[in-house]
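Me: I've got the sequence and the model open side by side. Can you walk me through it while I ask where each label comes from?

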Amino acid sequence: MTTANVYQQRPTTDVKAESPLFHADLNSLVGKGCTNPGVVLREKKLLGHLTIRGNGHDPAFAAGVHNALGMELPGALALVSKGDSSIQWLGPDEWLLIVPTGEEFAVEQKLREALDGQHIAIVNVSGGQSLLELTGPNVRDVLMKSTSYDVHPSNFPVGKAVGTVFAKSQLVIRRTGEETWELVIRRSFADYWWLWLQDASAEYGLGIAA
Amino acid sequence: MLHIFCPHCGELRSEEEFHASGQAHIPRPLDPAACTDAEWGDYMFFRDNPRGLHHELWIHAAGCRQYFNATRDTMTYEILETYLIGTKPQFVNQVPAIRKGDQA
Amino acid sequence: MSQTNRLPNGGRIDRSKVLNFSFNGQTYQGFEGDTLAAALLANGVDIIGRSFKYSRPRGIFAAGCEEPNAVLQIGATEATQIPNVRATQQALYAGLVATSTNGWPSVNTDMMGILGKVGGKLMPPGFYYKTFMYPQSFWMTYEKYIRKAAGLGRSPTENDPDTYDNMNQHCDVLVVGAGPAGLAAALAAARSGARVIIADEQEEFGGSLLDSRESLDGKPAAEWVATVVAELKGLANVTLLPRATVNGYHDHNFLTIHERLTDHLGDRAPIGQVRQRLHRVRAKRVVLATGTHERPLVYGNNDVPGNMLAGAVSTYVRRYGVAPGKKLVLSTNNDYAYRVALDWLDAGLQVVAVADARHNPRGALVEEARAKGIRILTGSAVIEARGSKRVSGARVAAIEVKSHKVTSPGEWLDCDLVASSGGYSPIVHLASHLGGKPVWREDILGFVPGEAPQKRVCVGGVNGVYALADSLADGFEGGVRAASEAGFQPVEAVMPKALSRVEEPTLALFQVPHEKSTTRAPKQFVDLQNDVTAAGIELATREGFESVEHVKRYTALGFGTDQGKLGNVNGLAIAARSLNVSIPEMGTTMFRPNYTPVTFGAVAGRHCGHIFEPVRFTALHAWHVKNGAEFEDVGQWKRPWYFPKAGEDIHAAVRRECKAVRDSVGLLDASTLGKIDIQGPDAREFLNRIYTNAWTKLDVGKARYGLMCKEDGMVFDDGVTACVADNHFIMTTTTGGAARVLQWLEIYQQTEWPDLKVYFTSVTDHYATLTLSGPNSRKLLGEVTDIDLDREAFPFMTWKEGLVGGVPARVFRISFTGELSYEVNIQADYAMGVLEKIAEAGKKYNLTPYGTETMHVLRAEKGFIIVGQDTDGSMTPDDLNMGWCVGRTKPFSWIGQRGMNREDCVREDRKQLVGLKPVDPNKWLPEGAQLVLDAKQSIPMTMVGHVTSSYAANSLGYSFAMGVVKGGLKRMGERVFSPQADGSVIEAEIVSSVFFDPKGERQNVE
């Protein structure tokens, strides 16, 4: 049985919020640059990120997660989405749940309720990571420059999510559409990824979306 | 650049996603305090260096963050199997490696 | 200048596109489609450089990557210099600037040539080892001189303006080489639907078919090449990489390909384009269709310009429309080379004679030559060539191969080109990169790839399959096999028909005999690039070098860009004969990556400049920049080092920051500290095992400092861990130790104690941490929080939850400065807003931001250690005088306990951490300085310890340090001495390491 300290971490009043790529001022870059970019980048910022730990082999755990989220607990390398929420497998006892901004506190409580009595952990990591969405015909080329993981459609279908090496660090790559991919990045590395992706996309043209 | 099958992810991945963590199957003595200096030194410092199959502990550091074991041929670098912590290898050296204390 | 050697027609060049280029300062013209070598030959440029050791003039010898002489420096500007470019592999472009790398002061009048001529014996093999090694201290001088004279090319002194990158590739079948076998293999694999990559180092696909006399299905072979290339290009599952050399075959079918995307376009890549790309390929199956290298024959003066590989002559004539001479003498031991004479004749040029070492050759090509009236001297070979800067004649004589004798005086033939062919060597380099030993095949007189565990197939020439029809079939079969092994269903296909001819076997001739002994005969070169002669190899064997690897290293055979391409088999055949062993007994040297030189740019890819390495920033970085911080690299992090005001140096800034913290309040960004969320019913037990101290009784709401040791009992990390719920903890680690500690926890949980129910999750990036430290920190924090900060309600080493600046926070009352301190943890997204509110409220308290330097000083004044600065992996908690932090009665044998109880760890004279107070308060002990008890003793002195931390600028008003001294804890008040490099000695008193507020009264501030 786990007793944990859970608290609302996001301010409920209107205070200043800065996502990991705040300093890049992406909004000011929307629509700038080349007219037909091969890669379009968007920061899906300030979402609720929860790490869920538990025994994936225990049907009670899978059922509890399903009950709380209405999403099946995904197996190895899988990503499941429902509306604006998604849950992906990170490891045999670890999942990443991403929910709309501000919902993470309620969802965590709901999960803890559904998993009451089990050995689990839920950790709010919202401030520590961000999603970068990459769309366009050349995203795969950019990924090939960056990771040794095979991003060919035969190996990386829509709905797959893998943790791997990317340039000189690590992140999670998720394929969410035919030409759409997401990178789960750590806050402190955000600037490195931003610089890296600008460089890797340069020959195809990079656009920014809001 | 080795290509290593992660038993948790169920896929072959490039070596750069992993870290090697030395020889596998070196259990920590249950009662370290009861160990003689020689026994403790053996646990701490002495490892096999076989020509042939070697059982190794690896972690899929950039992937699922899980440790697992691998049986690797030190001659060819071929990885014959990867297997979960707590399980036994299918492939073992025919001639056992010489361990400290075995020599005359 | 006219292209005197350009044939009136023929060649795969575009004569309508004239390209100007320069070589050694002179301007020439060539055509699009030329290689630099072809264009130089077309212009009658004989001398390309001077040889490495003897400084003999050298010309273009080959047409491919095996070229030993025309290894040039390319680049029109300083920034675009590239050394080691084989002129035979460099496509001509307008404005190309090339220079010789060998030849000082110039290739035509060479001062070193005098040394080479006069002192033929001056530089025998092993010369460098024997002469220049002594005295050793002179090596640096010699090396500079040798390098200058030998001319190994030079790197640019300016930044390369072009972009290079890496691309990760995956495929089912990688085909190496796009000659007949490779194309056939690619076709077979591609039609099955497999993901195929086919790479070839040349400008266009086709390999030997591009200059072949052969027809396929009755059409020129090049037409079949075009058809196949068109089909492959039309398939989405195929990647074609021309100008791409597969340079390394690494473990588990990982191969590297060096692709030169725009090297053929100009001195610089066109704007927006990548110049070179390194493909990192993981292939399920590899088809090696690397072909063969022709071997030259080894005869006297075989290095004078005008001596060439036979096949190269055909390549220049047929592919580039260039005649590298007028009058040809061909020396051969095989049928295939006869095509060269036929090509020469077809081009309207004179074949003086063919010398065939075989006695009665009757192969189809031989008969064709005979029928065309070419003079064939059988049982003969070119014994020596004549000429200094260009061949002017060749002596052909009858020879007996078995006894290695010349059996007739022979005759001098007037000629300007001697082409020789000594057979063909399969290109086994890639096949043996991983250690597979090549195997000698007597029937083809060559080494073929041996058995190897790699998932690969060898086809065509590299497999010893030479006839075109056989090579196509072998390639196709190999492609089918590779695709089906990779899980694809092969499709039937028919290969085009090639004429099959009667071909007679090659005669085993490597070094051509001479009347004189090898040492007295004109120099017979084996490795032109490294100036290795037959005599040199014989000398090596006479001096006792019997292993081929030793002979190689003693003579330099196969060094440089050659890597055994041209001279390897000849060299070891000579060594074998000299040692009276067979070639397979002699064996071959092994080959390592890379096959041809690779630019550093391609290896580095985009990992250079501002994205060389990840740089990590905290959520508050922009604020630090705005407030004038100087930054320090801590691992990958950028941390504020100090915040200088106008006119301040680091010392003045640190003194001011220290004083502000001691007097009022300072602010530190502690976000980089590692933070690990630990949850689970066994979390507490886990902490008991992993930390040296006890955690059983830590109540919810409290925090405790912990030390972590490795099993050897040596401290490896430390930090404060707070109990936030009964089985929920937040652990902090050092900045540098964050990843290491998390992995440390995981390895024990996953491999040793999987029964312990506990999960670890990094929250380092999730929380930003703001530290307020100083007597006014309570007052300041009180202005922006709803938390009750009363000293009774919120005592030292506890934490509280509440709003800070309107943002939910966990506030820890812990201290690394000795002052009243609060560490405010908030979700990083909101940290900037909170900081701005605190900074605004802090104005009236002179809130002073401080960096890592002041943090280090303040903690040292309190005697707090920094793991990695005051420890070095060899210090136990007792050595650090931190025995108070060791739970000696904990029931479980925690990590480090057994180790620190070893006999050696409990010695009383171990180096122990103490305070050091220089007797002269203005003297600063350098960190790392050694300490002695008696400064007057003779050298070498007995050292008793060293300084670990030392600070001149601080809040104490005198210089102080921490250091380790043998038995130091029992030496309080004694003196140690630190002799300095300048001869001075700094004397210091051993004192307690707690310099400031030893009783901790500063925590009690109101």
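Me: What makes up the domains of chain C?
Reply: This is a predicted model, and the split comes from an automatic or database domain assignment. That assignment gives domain 1 (14-150), domain 2 (163-292 + 426-485), domain 3 (296-422) and domain 4 (905-1002). Domain 2 of chain C is written as two stretches, 163-292 and 426-485. Taken over C-alpha atoms, the centres of domain 2 of chain C and domain 3 of chain C are separated by 31 Å.

Me: Why is Val45(C) called buried?
Reply: The cut-off is 20 or more other C-beta atoms within 10 Å. Val45(C) has 23 C-beta neighbours inside 10 Å, so it counts as buried.

Me: Where is Val45(C) found, and what is it in contact with?
Reply: Val45(C) is in the loop between helix H1 (36-42) and strand E3 (49-50) of chain C. Leaving aside neighbours within four places in sequence, its contacts are Phe23(C) and Leu40(C). As for Gly95(C), 50 residues apart from Val45(C) along the chain, the two C-alpha atoms are separated by 18 Å.

Me: Which residues touch the most other members of the largest nonpolar core?
Reply: Those are Ile826(C) and Ala831(C), in a core of 182 residues. To belong, a residue has to be buried, be of a listed nonpolar type, and be joined through C-beta atoms within 7 Å. Setting aside neighbours within four places in sequence, Ile826(C) is in contact with Tyr767(C), Ala768(C), Val804(C), Val807(C), Ala809(C), Ala831(C) and Val834(C). There is also a second, separate core of 105 residues, which includes Val329(C), Ala357(C), Ala394(C) and Phe510(C).

Me: On to chain A. Why is it said to be as compact as a globular protein of that length?
Reply: You set its radius of gyration against the globule rule. The value for chain A is 18 Å and the rule gives 17 Å for 210 residues; those are close, so chain A is as compact as a globular protein of that length. Chain A has 4 helices and 11 strands, and its C-alpha trace spans about 55 × 45 × 30 Å along the principal axes. Of its 210 residues, 51% count as buried.

Me: What makes strand E5 of chain A "mostly covered"?
Reply: Strand E5 (residues 94-99) of chain A has 6 of its 6 residues buried. Glu94(A), Leu96(A) and Ile98(A) point one way, while Trp95(A), Leu97(A) and Val99(A) point the other way, and all are buried.

Me: How do you know that E2(A) and E5(A) pair?
Reply: At least two bridges are needed for a pair. E2(A) and E5(A) have 6 bridges, in the antiparallel sense, so they pass. One of the bridges puts His49(A) with Ile98(A) in E5(A). Strand E4 (residues 85-91) of chain A is joined to E5(A) by 5 bridges, so that antiparallel pair passes too. In that pair, Gly91(A) stands opposite Glu94(A), and a hairpin through 2 residues joins E4(A) to E5(A).

Me: How many residues does each side give where chain A touches chain C?
Reply: The contact takes 48 residues from chain A and 48 residues from chain C. On the side of chain A, the elements that give two or more residues are strand E2 (48-53), strand E6 (121-124), helix H3 (139-146) and helix H4 (190-201). H4(A) gives the largest share, 6 residues. By class, the side of chain A has 16 nonpolar, 20 polar and 12 charged residues.

Me: And which elements of chain C touch chain B?
Reply: That contact takes 19 residues from chain C and 23 residues from chain B. Helix H20 (738-752) and helix H24 (897-900) of chain C each give two or more residues, with the largest share, 6 residues, coming from H20(C). The side of chain C divides into 4 nonpolar, 7 polar and 8 charged residues.

Me: Last one: what pattern does chain B follow along the sequence?
Reply: Chain B reads β-β-β-α-β-β-β, which fits its count of 1 helix and 6 strands. Its C-alpha atoms fill a box of roughly 40 × 30 × 20 Å along the principal axes, and 30% of its 104 residues count as buried.

Conventions:
Residues numbered from 1 in each chain as written. Chains lettered and ligands numbered in written order. Predicted model: local features only at pLDDT ≥ 70, side-chain atom pairs only at ≥ 80, totals over all residues. Rg over C-alpha atoms; globule rule 2.2 N^0.38 Å. Buried ≥ 20, exposed ≤ 12 C-beta atoms within 10 Å, placed from the backbone. Contact = placed C-beta atoms within 7 Å. Nonpolar A, V, L, I, M, F, W, Y, C, P; charged D, E, K, R; others polar.
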